[in-house]
Amino acid sequence: MNIGEIKKVLKNNNGYITSSEIEQNGIQRSYIPKLIEMGIIRKVSRGLYIDNKLIEDEYYILQKRYNNVIYSYNTAFHLLNLSERAPYEIDVTTYFHKSIREKVRIHYVSEEKLNIGKITIISPYGNPIKIYNPERCICDMLKNQDEYDIELYNKILKNYFNSKDKNLKLLDEYARIFNVYEKLTTIMEVLIK
């Protein structure tokens with residue numbers, strides 16, 4: 001068994017390794033239970049393992065399992081520090097007809113719109129994850145306003161418009177793409193003085 005190579009792969013992959021990566025390093029899948037028994041790895045999901053010394057990162061694991069999901073809505077607002085309220089459920093967006101068997105709230109869009117506003121940030125556990133930028137999140141919120149209580153809705157808008165990192169040109173562009181331009185202009189008349 002080439003345990004040194006496994007440890008190297010774990011280090012290079014943020015502490016995660018798939019069963020196929022284990023095989024690629026010359027270890028048969030039948031030896032995976034032995035690696036677990038030795039305390040080198042532990043199973044976190046079907047075909048996905050983590051360095052036994054690390055804490056599991058649910059955000060990173062979900063995207064390792066489903067590479068076409070992007071964190072959105074309340075989850076994104078929380079991770080982007082536009083909302084102090086931790087989400088009750090993880091919100092993800094993916095394209096229509098993508099099957100996800102996880103306990104998450106799924107929002108569907110066309111494949112053409114899936115990657116608009118996608119950025120990469122570092123998760124609370126230090127791993128890279130895909131998330132929508134604030135401008136895309138604001139447009140999604142305006143489009144699905146009924147999903148937000150008025151207090152949270154107003155707080156997020158206030159936080160965004162008070163942010164030094166806001167990009168109003170990009171927000172305007174996205175508002176046109178997602179058909180929320182009229183809602184946005186009404187809000188901006190009130191919030192921007």
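This report describes the overall build, the nonpolar cores, one helix pair and one loop residue of a predicted model.

## Overall build

The protein has 193 residues. Its secondary structure comes to 10 helices and 8 strands. Along the principal axes, the C-alpha trace spans about 65 × 30 × 25 Å.

Buried residues account for 46% of the chain's 193 residues. Contacts also reach along the sequence. Of those between residues at least 6 apart, 50% join residues at least 24 apart.

## Two nonpolar cores

The largest nonpolar core holds 50 residues. Six of them touch the most other members: Leu62, Tyr71, Phe77, Ile138, Met141 and Tyr148. Which helix gives the most to this core? Helix α8, residues 150-162, does, with 6 residues.

Phe77 shows how parts of the sequence meet. Neighbours within four places in sequence are set aside here. Phe77 is then in contact with Leu82 and Ser83. Its other contacts are Cys137, Ile138, Met141, Tyr148 and Ile156. A second core, separate from the largest one, has 11 residues. Val9, Ile27, Ile40 and Tyr49 are among them.

## Helices α7 and α9

Two packed helices are described by the angle and the distance between their axes. Helix α7 covers residues 134-143, and helix α9 covers residues 168-177. Their axes come within 9 Å and cross at roughly 40°. The two helices are therefore oblique to each other, since angles under 35 degrees would count as roughly parallel and 65 to 115 as roughly perpendicular. The crossing of α7 past α9 is right-handed.

Which residues make the contact? From α7 come Glu135, Arg136, Ile138 and Cys139. From α9 come Leu170, Leu171, Tyr174 and Ala175. By class, the contact has 6 nonpolar and 2 charged residues, with no polar ones. Ile138 of α7 takes part in this contact, and Ile138 is also one of the core residues that touch the most other members.

## Glu56 in its loop

Glu56 is found in the loop between β3 (48-51) and α4 (58-65). Is Glu56 buried, partly exposed or exposed? Its relative accessible area is 35%. Buried means under 20% and exposed means over 50%, so Glu56 counts as partly exposed.

Glu56 touches Tyr16, Arg42, Val44, Ile50, Ile61 and Tyr125, leaving out residues up to four places away in sequence. Take Tyr16 from that list. Glu56 and Tyr16 are 40 residues apart in sequence. In space, the pair are 9.4 Å apart, C-alpha to C-alpha.

Notes
Residues numbered from 1 in each chain as written. Predicted model: local features only at pLDDT ≥ 70, side-chain atom pairs only at ≥ 80, totals over all residues. Heavy atoms only, no water. Core = buried A, V, L, I, M, F, W, Y, C linked by side-chain atoms within 4.5 Å. Buried < 20%, exposed > 50% of the residue type's maximum accessible area, 1.4 Å probe, protein only. Helix = DSSP H or I, 4+ residues; strand = E, 2+ residues; numbered from the N terminus. Contact = heavy atoms within 4.5 Å. Axes fitted to C-alpha atoms, helices over the stretch in contact; angles between N-to-C directions. Parallel < 35°, antiparallel > 145°, perpendicular 65-115°, else oblique. Left-handed = near helix turned anticlockwise from the far one by under 90°. Nonpolar A, V, L, I, M, F, W, Y, C, P; charged D, E, K, R; others polar.
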